[in-house]
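Work through the exercises below with the model open beside you. Try each task before you read its solution.

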Amino acid sequence: MSEPLVTILHVDDNETNRYVVARVLRSAGFAVVEAATGEAGLQAIAQSAAPQAAMLPEGAAQRANASAKPDLVILDIQLPDMNGFEVCRQIKSNPATANLPVLHLSAHFTESRDKAQGLDSGADAYLAQPVEPIELIATVKALLRMRQAEELASVMAREWQTTFDSISDGVGLLDKQGKFLRCNKAMTKLLNKPFSEIIGRLHQDLIGIALSGCNVNPFLRVQETRQRQSLVIHTGGRWFSVTVDPVLDEFAGFMGAVYILADITAQRQAEIALRSSEERFRLLLDNVKDYAIFFLDTQGRIIGWSLGAEYILGYEEAEILGQFTSIIFTPEDLQQGEDKKELEQAVTEGRAEDERWHIRKDGCRFWASGFVTPLFDETGRLRGFCKILRDFTERKRAEDERAELLKREQEARSAAEAANRMKDEFLATLSHELRSPLNAMLGWTRLLNTRKFDEATTARAMETIERNAKSQAQLVEDLLDVSRIIQGKLRLNIRPIQLVPVIEAALETVRPAADAKEIQLQSVLDSTAGPVAGDSDRLQQVVWNLLSNAIKFTPQGGLVQILLECVNSYVEITVTDTGKGINPEFVPYVFERFRQADSSTTRAYSGLGLGLAIVRHLVELHGGTVHAESQGEGKGATFKVRLPLVKESRTREQQSKEENISSVLLCTSTPLPILDGVQILVVDDEADSREFLVAAIEMCGAEVIAVSSAIEAIQVISQQRLDVLVSDIGMPGEDGYSLIRKVRMLPKEQGGDIPAVALTAYAREEDRMRSLSQGFQMHLSKPVEPDKLATIIASLVKKTAKG
C-alpha cells in the first residue's frame, strides 16, 4: 500500500502564482490544496480539506473527502481580506495548528523588514517571488523535516516516560542531598506511597520504612567514591537488591544519584531451587561425553553444562559459565538473530530443533544436530532452557562432498550441452553463409571448364565468381575481426597519419547510402589537425562505422555532420545526426557488444550491435576515447572520438629509423612503438607473467622495474620518478585496486599522477569500468599482445619513439 501524499495548502489571490507554484509542487510529488483568501485558507485548515479537490467558486478552499489536514502552508502576504501576517498569527495562536509549518511567499513584500515581520508573526521561513523551483522545493522539504523531527522528539519523550514506568524495579532520581526528584510507578508500589508523598522527601526516611527499619545507606558511599554501590538486603523474610549510581556533571562534580530498589525474593528462591536441581543432575552430566548438554537461564546465559560439552567445545567450565549461548554461534547466524530465535521457538512451540554450524573455542567450526527445550517450574514460570548438541561434522562433510560432486557433474553436463548446441547453431549459420556463394562459384567454374560460352556470358560468369569470392573473403574477415576483438588480438599497422584523407575516404564510401535516403552530409575538416599515430584502415573503419550508424538511424531528408578539429593535445572527430537519438538509460551501454536499444522482434533497425563495440575497441587501441551524447529519443545523437597527437619533434633520421622498424614488424603483423628512455613499473605476483611483460616492454627500448606486490610498488613509486605503471589486479594480500587508490593519494611530486594501465584476467565490462573509476587510465585483459601493450604505453606517455 502506497504512503499518503504530503498535502500543502497554498493561499494566494493571484491565480497565475497559484498555478505555477502548484505545478512545481505536484511535479515534486506533493498534493496541493489552493485558497484565494486568508479566510478560505483558515477554513481549509479547520475543515481538514483533502489534497486533490477542485477549486470552489468565490475563493473558497478546495474541499474533498476531508481525509487529511494540510502538512504545510505556503502563504502570500497581500490577500484581499486579511494580510498573510494576520493569517499566520491566527494559525500559530491556535493550539490545534500551532505546529503547522508556514512559509511566506510574496512578490511585493520582499524587504528585510517584511521578512522580519513575517518571521515575527510566527512563520517558519520567508521567500520572495520569483523563486527558483529548486529553492522552493528545498525549503518545503526542510520545513517538513523540521516538523517531523519535532513530532518524533515528542513521541520519544512519551515513549521514554512509558518505558520508565514499565520498569518492574523501583527507580528514582535523587538530588545531591538524597531527596527524590522523580521516580517510576514501581517505586511508589515498593514504598507504598503516592508520587506526591515521595517527591522532595529524603530517600533514607522512605527506604528505611519500606525495608522494616533497615539503616543501610549506600548513597553516602556513592557521594564519597563517585562509583556505583550495590548490595542485597535480607529483611522480614524478603530479599531486596539496592543499586545506587552517581550522576556527575561535565566536571565530575556530584549532582545526585539513580537509586534502584528491586524485590528479588522470588529470584533468590528460584536460585536456591535451581542449585538444588543442579546437584541432582551433576552425576548425569559428568558421565555423558557424546553429547554437549547446556543449562541456560531465561536470558540464554550458560549456568551449567556437561563434560561432553567441555569435550566437544573445548572450554573449561570456569570459562563458559555466565557466557551467553551465542558464544558458540557463527557470526552469520548471530547477524540473523538465530540464537534468540531458537530460544523464542522453544518457548512458543515447546521445542526447537536445528542443524547448523557452531564454533569451538579455537575458532574452528563443527556441524551439530540438537534441540532446545524450555524448563518451567511447578507454577508454569519459565526458569531456563536445556540445550543438547551432538557433533555430526564428519557426516556433514561427507554429505556436502557428495552434493558438491553431483552439482559439478550437473553443471558440467549442462555446460557441455549448451556448448554443443551453440556449436551446432554456429556451424549451421556458417555453413549457410559459406555454401550460398560457393554454390554460384563452383557451379560457374564447372560450366566454364566443360562448355564453351560467348564472351558476354563468360564475363558475367567471371564477375559472379569474383563477387562471391569477395563476399566470402569479407565474411571470413568479419568473423576473424570479431574473434580477434573478443580475444584481444586485433593487430594494428601504426604509423603517423593525417586524418583528413581518412575521413574523406569514409565519406565517399557512405555517400551512396546517404543519397539514397536524401540525407545531407556536411563536413568541416581542419587540415592542420594531426598527425596521429594510427592504422589508417582501422581509423577509416571507425569513421565509416560512425557515419553508417548515423545514416542508418537518421530519417529521410535528415542531416549528418562530421567535424575534425584539434583540442589541446588531442584530435577530436565529432559525428552528429538529426536521427532517432538514444534513450538516456541506454547511453552507458551503447558501446557494448550485441547490445541494442530495441531488441524486440518488431524493431525497425537490423544489425547485431557490433559496430559501435568495434569502434570503441579500435579507438582505445589507438590510445583514444569515444563517448556518446543524446538529449533523448527523437533528438539526434553525437559521437566524439579523441585521439592523441603525435609530437612532431623527430628528425628525418628518427622517422627513417621508425619506418625501418615498422617494415620489419609488418612482416610479423606486430608493429611496436619506440619507448627509449621511458621508465615503466610492472607489478604482477606471477613470475612468468612478470618476466613476459618485462621482455615485451624492453623490446621497445623502455627501462622496466618489476615487483611482485603492491607494497613494493608503493616504495618504488615514492622513491623515483616513473612514466607509466602497469599493474595486475588479482594479487594476494593487496590487489591492484587497493594499489591504485594508494597511488592516487600520493602527492604529485611523489608519483600520485603517474599514468596507469590495469592488466588483468578480469575481462568483463564491469571490471573495465571499475578499473577506470578506481584511477587507471586503461584496462587491458590477459592474454595481451606485446604490440598492443606497447601501443597503449606509448599513448599514455604521448610518444611513439624517443631519440
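Four exercises with worked solutions follow.

This is a predicted model, in which local features need pLDDT of at least 70, side-chain atom pairs count only at pLDDT 80 or more, and totals for chains, interfaces and linings use all residues. Residues are numbered from 1 along each chain as its sequence is written, and side-chain values use heavy atoms, with hydrogens and water left out.

**Exercise 1. Find where pLDDT is below 50 around residues 49-67, and state the mean for the protein.**

Start with the term: pLDDT is the predictor's confidence in each residue, from 0 to 100. The protein has a mean of 82, and 84% of its residues reach 70 or more. Next, take residues 49-67, where pLDDT is below 50. Beyond near neighbours in sequence, this stretch has 45 contacts in the model (contact: heavy atoms within 4.5 Å). Then go to residues 598-608, where pLDDT also stays under 50. Here the model has twelve contacts beyond four places in sequence. Where pLDDT is low, the predicted coordinates should not be read in detail.

**Exercise 2. Describe how helices H1 and H5 pack.**

First locate them: H1 covers residues 15-27 and H5 covers residues 133-166 (helices are DSSP runs of H or I, at least four residues; strands are E runs of at least two; both are numbered from the N terminus). Their axes are 10 Å apart, at an angle of about 65° (axes are lines fitted to C-alpha atoms over the stretch in contact; angles run from 0 to 180 degrees between N-to-C directions). Now list the contact residues. H1 gives Val21, Val24 and Leu25; H5 gives Pro133, Leu136, Ile137 and Val140.

**Exercise 3. Is strand E11 buried or exposed, and which strands does E11 join?**

E11 spans residues 292-296. Five of its five residues are buried (under 20% relative accessible area, 1.4 Å probe, protein chains only), so E11 is largely enclosed by the rest of the structure. Ala292, Phe294 and Leu296 point one way, Ile293 and Phe295 the other. Next come the partners. Five bridges join E11 to E15 (residues 382-391), antiparallel. There, isoleucine 293 has isoleucine 388 as bridge partner. Three bridges join E11 to E12 (residues 302-305), again antiparallel. Leucine 296 stands opposite isoleucine 302. The E11-E12 hairpin has five residues between the strands, and glycine 300 takes a positive phi near 95°.

**Exercise 4. Which residues does proline 331 touch?**

Proline 331 lies in helix H12 (residues 331-335). Leaving out residues up to four places away in sequence, proline 331 touches Ile359 and Arg365. Histidine 358 is 27 residues along the chain from proline 331, with their C-alpha atoms 9.6 Å apart.

Definitions and conventions
Buried means under 20% relative accessible area, exposed over 50%, partly exposed in between (1.4 Å probe, protein chains only). Two strands pair if DSSP finds at least two bridges between them.
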